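Colleague: I am new to this structure. Please take one strand in the middle of the fold and walk me through what surrounds it.

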Amino acid sequence: MSIIFSTNPNFKFDDSPNIETLSPEQQDLRVHRETKHRGGKTAIVIKGFVGNDHDLQKLAKELKTKCGVGGSAKDGEIIIQGDVRDKVCDILTKLNYKFKKAGG
């Protein structure tokens, strides 16, 4: 992070990028089933989300709650614990997200 100096007493630094979140119909998500680097346990990884971190976290929370499992979301990816790909796909369909099953 760079140092910023301003003589303006009302200056407010905003370091959050203003990324506009695409509507569900415009998203092109990929739903993967992975076991690599997870100690042999299966996880569902949703890649390709375009938008800000708040909306990514919101979608991840909704998926985790409806599937009844844990997970995380960062860097445009949502990781859902367990082999619940069909349930995740059903939820994404009901939310009008455009997606494809990929891998595994």
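Modeller: What follows is a close look at one strand, E2, and then at its surroundings.

This is a predicted model, so local features are taken only at pLDDT of at least 70 and side-chain atom pairs only at pLDDT 80 or more, while totals for chains, interfaces and linings use all residues. Residues are numbered from 1 along each chain as its sequence is written, and side-chain values use heavy atoms, with hydrogens and water left out.

Start with the strand itself. Helices (H or I, at least four residues) and strands (E, at least two) are DSSP runs, numbered from the N terminus. Strand E2 covers residues 43-47. Four of its five residues are buried, so the rest of the structure largely encloses it. Buried means under 20% relative accessible area, exposed means over 50%, and partly exposed lies in between (1.4 Å probe, protein chains only).

Now its two neighbours. Two strands pair if DSSP finds at least two bridges between them. Strand E1 (residues 29-34) runs antiparallel to E2, and five bridges join them. Here His32 has Val45 of E2 as its bridge partner. E2 also pairs with strand E4 (residues 77-81), again in the antiparallel sense, over four bridges. Ala43 is partnered by Gln81 of E4. Ile46 is partnered by Ile78 of E4.

Step back to the sheet. It is open and has five strands, in the order E3-E4-E2-E1-E5, with mixed pairing. Strand E3 (71-74) and strand E5 (99-102) are the edge strands, each pairing on one side only. From one strand to the next, the twist averages 15°. Axes are lines fitted to C-alpha atoms, for helices over the stretch in contact, and angles run from 0 to 180 degrees between N-to-C directions.

Look at the E3 side. E3 and E4 pair in the antiparallel sense over four bridges. Ala73 stands opposite Ile78 in E4. Lys74 stands opposite Glu77 in E4. The two strands form a hairpin with two residues between them. In that turn, Asp75 has a positive phi of about 55°.

Next come the helices. Helix H1 (residues 53-67) lies across E2, E3 and E4 and runs at about 15° to E4. Helix H2 (residues 85-94) packs on the sheet, where it touches E1, E2 and E5. The direction of H2 makes about 170° with that of E5. Contact means heavy atoms within 4.5 Å.

In a regular strand the side chains alternate between the two faces of the sheet.

Then the core. A nonpolar core is a set of buried Ala, Val, Leu, Ile, Met, Phe, Trp, Tyr and Cys residues joined through side-chain atoms within 4.5 Å. The largest one here has 19 residues. Ile46, Leu59, Leu63, Ile78, Val88 and Leu92 touch the most other members. At least two residues of this core come from each of E1, E2, H1, E4 and H2. H1 gives the largest share, five residues.

Which residues does Ile46 touch, not counting residues up to four places away in sequence? They are Leu29, Arg30, Val31, Leu63, Gly76, Glu77, Ile78 and Val88.

Finish with the charged side chains. A salt bridge is a side-chain nitrogen of Lys or Arg within 4 Å of a carboxyl oxygen of Asp or Glu. The whole structure has six of them. In one, Lys47 meets Glu34, with the closest N and O atoms 3.6 Å apart. Lys47 sits in strand E2 and Glu34 in strand E1, 13 residues apart, and the pair links distant parts of the chain. Lys47 is partly exposed, at a relative accessible area of 28%. Glu34 is partly exposed too, at 23%.

Another salt bridge joins the side chains of Arg33 and Asp83 (2.9 Å, N to O). Arg33 lies in strand E1 and Asp83 in the loop between E4 and H2, so this pair ties together parts that are 50 residues apart in sequence. Arg33 counts as partly exposed, at 30% relative accessibility.

Within helix H1, Lys66 forms a salt bridge with Glu62, the closest N and O atoms being 3.2 Å apart. These two lie four residues apart, about one turn of the helix. Lys66 is partly exposed, at 49% relative accessibility. Glu62 is partly exposed, with a relative accessible area of 27%. Finally, Glu34, Arg38 and Lys47 form one network, joined by salt bridges that share partners.
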